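Colleague: Could you take me through one part of this model up close, the strand in the middle of the main core? Start with the overall layout so I can find my way, then stay with that part for as long as you need.

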Amino acid sequence: MAFVLSAERKAIFDSLRPRYPNAKALTIPLLHLCQEQEGWCSPEVIDFVAQELAVPGAHVQGVVTFYTMFLKEKPGKRVLWVCRTLSCELCGAKELQEHIEHRLGIHAGQTTSDGEFTLLKAECLAACGQGPMIQLDDEFYENLTNESVDRVIDKARERAPKAPGTFSSLYLRAEKE
Ligand code: FES
């Protein structure tokens, strides 16, 4: 089924248009809005973005495959990103990642067999002074230890996963502030 941006996200996208020099420059913001709604950058999302911006689908595909924050496959119910960039790495991100892998029984890039968690490695998530840190869906957890990340995972299991489309959008947040 063809992808369509929700009215709320469409309004945000329309407000972004005048701030960018051309349609191509809107590829990343529009992909963010689509992924927040759909949960990943499905082929339908890529077609939608290409049509909306009147750019080749290969361009959109190229952006999706280049940037790690865009999901190329449908994830599990929750997406847990471990920042792997230098500051976090120096603070123990690799050890934290291995602990989470052991805890979830998967390697980074995989989804648990019950579909509850997808574990991914992220590039810098902009909390470099508070590493190691993770992003769980749209929430950030900093200064983590093996024990504190266990608590984050346990609490996440206790609450219902957020459905795609209910994630708070960076763009929606910016509009409200
Ligand atoms: S290096 Fe991890 S948040 Fe920047």
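Modeller: Going from the N terminus, the order of elements is α-α-α-α-β-α-α-β-β-β-α-α, so you have eight helices and four strands in the protein chain. Keep in mind that this is a predicted model. The radius of gyration is 17 Å, close to the 16 Å that the globule rule gives for 177 residues, so the chain is as compact as a globular protein of that length. Along the principal axes, the C-alpha atoms fill a box of roughly 45 × 35 × 30 Å. Of the 177 residues, 27% count as buried. If you take contacts between residues at least 6 apart in sequence, 62% of them join residues at least 24 apart.

The chain is divided into domain 1 (7–66) and domain 2 (78–158), and their C-alpha centres lie 27 Å apart. Your strand is β1, residues 78–83.

Now for β1 itself. Six of its six residues are buried. In a regular strand the side chains alternate between the two faces of the sheet. In β1 both of those faces are covered: R78, L80 and V82 are buried on one side, and V79, W81 and C83 are buried on the other.

What does β1 pair with? One partner is β2, which runs parallel to β1 over six bridges. To pin down the register, look at V79: its bridge partner in β2 is T118. β2 is mostly covered as well, with five of its six residues buried. The other pairing to look at is with β3 (residues 134–136), which is antiparallel to β1 over three bridges. Here the register can be read from V82, whose bridge partner in β3 is I134.

That brings us to the core. The largest nonpolar core has 20 residues, and those with the most contacts inside it are L80, W81, V82, C83, I100 and I134. The elements that give two or more residues to this core are β1, α6 (93–104) and β2 (117–122). β1 provides the largest share, five residues. I134 is a good place to see how this fits together: leaving out residues up to four places away in sequence, I134 touches L80, W81, V82 and C83, along with Y141, L144 and V149. There is also a second, separate core of 14 residues, which includes I12, L26, L31 and V60.

On the way from β2 to β3 there are a couple of backbone details to check. Most residues other than glycine have a negative phi, and most peptide bonds are trans. The loop between β2 and β3 holds A126, with a positive phi near 70°. A126 counts as exposed, because it has 11 C-beta neighbours inside 10 Å. P132 lies in that β2–β3 loop too, and the peptide bond from G131 to P132 is cis, with omega near -5°.

For contrast, have a look at helix α3 (residues 43–53), where V45, I46, F48 and V49 are buried. These four cover an arc of only 160° around the axis, which puts them on the same side of α3. An α-helix has 3.6 residues a turn, so residues three or four places apart point the same way. Among the elements that cover the buried residues of α3 are α2 (27–38) and α4 (57–66). Straight after α3 comes A54, in the loop between α3 and α4. Its phi is positive too, near 55°, and A54 is not a glycine. With 8 C-beta neighbours inside 10 Å, A54 counts as exposed.

One last stop is R9, in helix α1 (residues 7–16). Is R9 buried or exposed? R9 counts as buried, because it has 20 C-beta neighbours inside 10 Å. Setting aside neighbours within four places in sequence, R9 is in contact with L33 and Q37. R9 and L33 are 24 residues apart in sequence, yet their C-alpha atoms are 6.5 Å apart in space.

So, back to your strand: β1 has both faces covered, pairs in the parallel sense with β2 and in the antiparallel sense with β3, and gives the largest share of the 20-residue core.

Notes. Residues numbered from 1 in each chain as written. Predicted model: local features only at pLDDT ≥ 70, side-chain atom pairs only at ≥ 80, totals over all residues. Core = buried A, V, L, I, M, F, W, Y, C linked by C-beta atoms within 7 Å. Buried ≥ 20, exposed ≤ 12 C-beta atoms within 10 Å, placed from the backbone. Contact = placed C-beta atoms within 7 Å. Domains from an automatic or database assignment. Arc of directions from axis to C-beta. Pairing = 2+ DSSP bridges. Rg over C-alpha atoms; globule rule 2.2 N^0.38 Å.
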